[in-house]
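Good morning, colleagues. Today I would like to introduce a structure that is new to most of this group. Please take a moment to look at the sequence and the structure on the screen.

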Amino acid sequence: MSQPRILCLIAGKGDYPHQVLREARKCPDQVSRVVVIAFEGETATDWVTEADAVHWLRVGQLGKLLNVLRSEKGECAMMAGQITPSRLYDLRPDLKALLLLAKLKKRNAETLFGAVADAMAEVGVELLPATTFMEDYLATEGHIAGPERKRRILRDIEFGWPIAKQISAMDVGQSIVVKQGTVLAVEGYDGTNVTIERGGQIGKKESSLIKVSKPNQDMRFDVPVIGPDTLLKAAESGVDAIICEAKKTLLLESERLRQIAQEKRITLWGKKDGLDHESKMDNHSNKREKE
């Protein structure tokens, strides 16, 4: 952003959109006004009054969303916070949304929100990456919080990371739970917390959640997020390690995360994606053999 602009914050569930609002307020040279577009039954009501304006919509009211962007003279927008997945299959779409849906051959969160982003661009609104203003909340590489457990973490990464990446590439899910070289649970439509619960029921304890990004992930509306609820669900389920992708995962309420990780003895670890040293050496050897 070269000068202060009007930010339209399209807000879903959880504390994530509230944190975006707070961080955007710290950048008056970039944002002159924050307009929250909230969803009935999704967006929390206790913080939206902090915005300069609030507009309430039902999920599926694309025409109304575009009208709000026009009326507020929105110049840029951000999507922050999840929409309950089941709502994507229980829409009451308006005419604009119906026309959009009719053009989609595949309907999932990525294609739906991608089409919405295209519709926003048509009215002159730029959809910013969902990490805008939130760079300080991105996971770092290595040990982040809780017990270190380095040997076990590296073992689980070696086994589970390639599997999680393949599953995410197939658009199945972005999380798995592993234990001692076995995949206990794979994320599907039900989401991360349910995956943790299923994995914990099987593994009981000493299980690890691995959460990754998809290849070429569209960071405008699909960013992996870990918050206090994730750690509390892990503690409740017996999953005592969470491995996430460094630089591509938002850690919400970071101080509380660290406190919970310490109290519940949950390891939080960041893994930078890419080939490890051994894989690079193997690839180099294979290349030399072919030559």
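I shall speak about the cysteines, then a sheet, and finally one loop residue.

Please bear in mind that this is a predicted model.

I begin with the cysteines. A disulfide is a covalent bond joining the sulfur atoms of two cysteines. A search of the whole structure finds 0 disulfides. Cys8, for its part, is in no disulfide, and the nearest cysteine sulfur, that of Cys76, lies 7.5 Å away. Cys8 has a relative accessible area of 0% and is therefore buried. Cys27 also counts as buried, because its relative accessibility is 18% and the cut-off is under 20%.

I turn now to the sheet. It is open and built from 5 strands in the order 3-2-1-4-5, with parallel pairing. Strand 3 (53-57) and strand 5 (126-127) stand at the edges; each has a single partner strand, so one side of each is left without a neighbour in the sheet. Helix 2, residues 62-71, packs on this sheet and touches strand 1, strand 2 (31-39) and strand 3. The direction of helix 2 makes about 165° with that of strand 3. Within the sheet, strand 1 (residues 5-11) pairs with strand 4 (residues 76-80) in the parallel sense, over 5 bridges. Ala11 stands opposite Ala80 in strand 4.

Finally, where is Gln217 placed? Gln217 sits in the loop between strand 9 (207-211) and strand 10 (225-226). With 9% relative accessibility, Gln217 counts as buried. Leaving aside residues up to four places away in sequence, Gln217 touches Gln174, Asp222, Val223 and Pro224.

How values were computed:
Residues are numbered from 1 along each chain as its sequence is written. This is a predicted model: local features need pLDDT of at least 70, side-chain atom pairs count only at pLDDT 80 or more; totals for chains, interfaces and linings use all residues. Side-chain values use heavy atoms; hydrogens and water are left out. A disulfide is a pair of cysteine sulfur atoms within 2.5 Å. Buried means under 20% relative accessible area, exposed over 50%, partly exposed in between (1.4 Å probe, protein chains only). Two strands pair if DSSP finds at least two bridges between them. Helices (H or I, at least four residues) and strands (E, at least two) are DSSP runs, numbered from the N terminus. Contact means heavy atoms within 4.5 Å. Axes are lines fitted to C-alpha atoms, for helices over the stretch in contact, and angles run from 0 to 180 degrees between N-to-C directions.
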